[in-house]
Amino acid sequence: MAGNLFIVAAPSGAGKTTLVRLLLEREPGIRLSISFTTRAPRPGEQDGREYNFVTVDAFQGMISRGEFLEWAEVHGNYYGTSRTWIAGRLDAGDDVLLEIDWQGAQQVRAQFPAAIGVFVLPPSLEELARRLQGRGTDSAEIIARRLAVATAEMRHAGEFDYVIINDRLEQALADLCAVARAARLTLAAQRARHAELFARLF
Ligand code: 5GP
């Protein structure tokens, strides 16, 4: 594969979606994979932009036809990454970013050992609890359950190559950009991007 494959995972409340959006603005060469999901769109979400929203039947059809590079059940809904889109982009030399959970990351790593895994953590469990409280409209029980799920997800940080601590957004973004930038500057990546220059040198 000519392009880099980035996997970014995090528990909810770590600020992953915002970080990824800002990274893609700063590094326009990276393409975001749009996942398929069976969950309902949230207000403001558009089919084909945040996700491809599909029925459970359609999703299961895609599983049986082997159309997913990985798929997982997360918080009671199905999520999956299209196999053909990713392969096409990487072969064309594009860098691709997957914003998926740790279960999907394990499946992708098994098929693309060169994938670069990044895990985003909150600065502390106390801060995560504060962020998960949201607008303060949820019960203490719901918040406690969210925190327990997030803590279980964070135990998988050890399976990733890089860890970003999202305390201050600007610093976390600079760190994430540094990881992406370094991967885009390896000899292999530069050689693929500047084939003509390298052909004249070696
Ligand atoms: P949300 O529904 O809040 O957008 O996402 C819930 C969780 O599902 C997040 O951890 C997100 O990274 C994960 N997720 C989103 N798309 C995929 C996917 O295609 N595959 C997997 N395995 N997880 C995904």
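Which residue follows α5, and what is the sign of its phi? Hold on to that one for a moment, everyone, and have the structure open as I talk. Please keep in mind that this is a predicted model.

The residue is G134: it follows α5, and its phi is positive, near 55 degrees.

Now let's look at helix α5 itself, which runs over residues 125–132. Its buried residues are L128, A129 and L132. Why do these three sit on the same side of α5? They cover an arc of only 100 degrees around the axis, and that puts them on one and the same side. Here is the general rule to remember: an α-helix has 3.6 residues a turn, so residues three or four places apart point the same way. Turn α5 around, and on the other side you find E126 and R130, both exposed. As for what covers the buried residues of α5, that includes α6, residues 140–154.

Next, the nonpolar cores. The largest one has 22 residues. Inside this core, the residues with the most contacts are F6, L23, I30, L97, V120 and I164. Four elements, β1 (5–9), α1 (16–26), β8 (116–121) and α7 (169–184), each supply at least two of the core's residues. Which of them gives the most? That would be α7, with 7 residues.

Let's zoom in on L23. Setting aside its neighbours within four places in sequence, L23 is in contact with I30, L97, L173, L176, C177 and A180. There is also a second, separate core, this one of 21 residues, and among them are L90, L98, L132 and A157. You have met L132 already, as one of the buried residues of α5.

On to the ligand, then. How many residues surround it? There are 15, and the closest are K16, S35, R39, Y51 and Y79. S35 has a polar side-chain atom 2.6 Å from an oxygen atom of the ligand. For Y51, a polar side-chain atom lies 2.5 Å from a ligand oxygen atom. E70 joins in too: an N or O atom in its side chain is 2.7 Å from a nitrogen atom of the ligand. On its own, the ligand has 510 Å² of accessible area, and the protein covers 88% of that.

One last stop: A87, in helix α3, residues 83–91. Is A87 buried, exposed or partly exposed? Its relative accessibility is 32%, so A87 counts as partly exposed. A87 and D47 are 40 residues apart in sequence, and from C-alpha to C-alpha they are 22 Å apart in space.

Thanks for listening!

Key: Residues numbered from 1 in each chain as written. Predicted model: local features only at pLDDT ≥ 70, side-chain atom pairs only at ≥ 80, totals over all residues. Heavy atoms only, no water. Buried < 20%, exposed > 50% of the residue type's maximum accessible area, 1.4 Å probe, protein only. Arc of directions from axis to C-beta. Contact = heavy atoms within 4.5 Å. Core = buried A, V, L, I, M, F, W, Y, C linked by side-chain atoms within 4.5 Å. Near = heavy atom within 4 Å. Polar contact = N/O pair within 3.5 Å; in protein donor to acceptor, adjacent residues only side chain to side chain. Areas by Shrake-Rupley, 256 points an atom, 1.4 Å probe, with all protein chains shown as cover.
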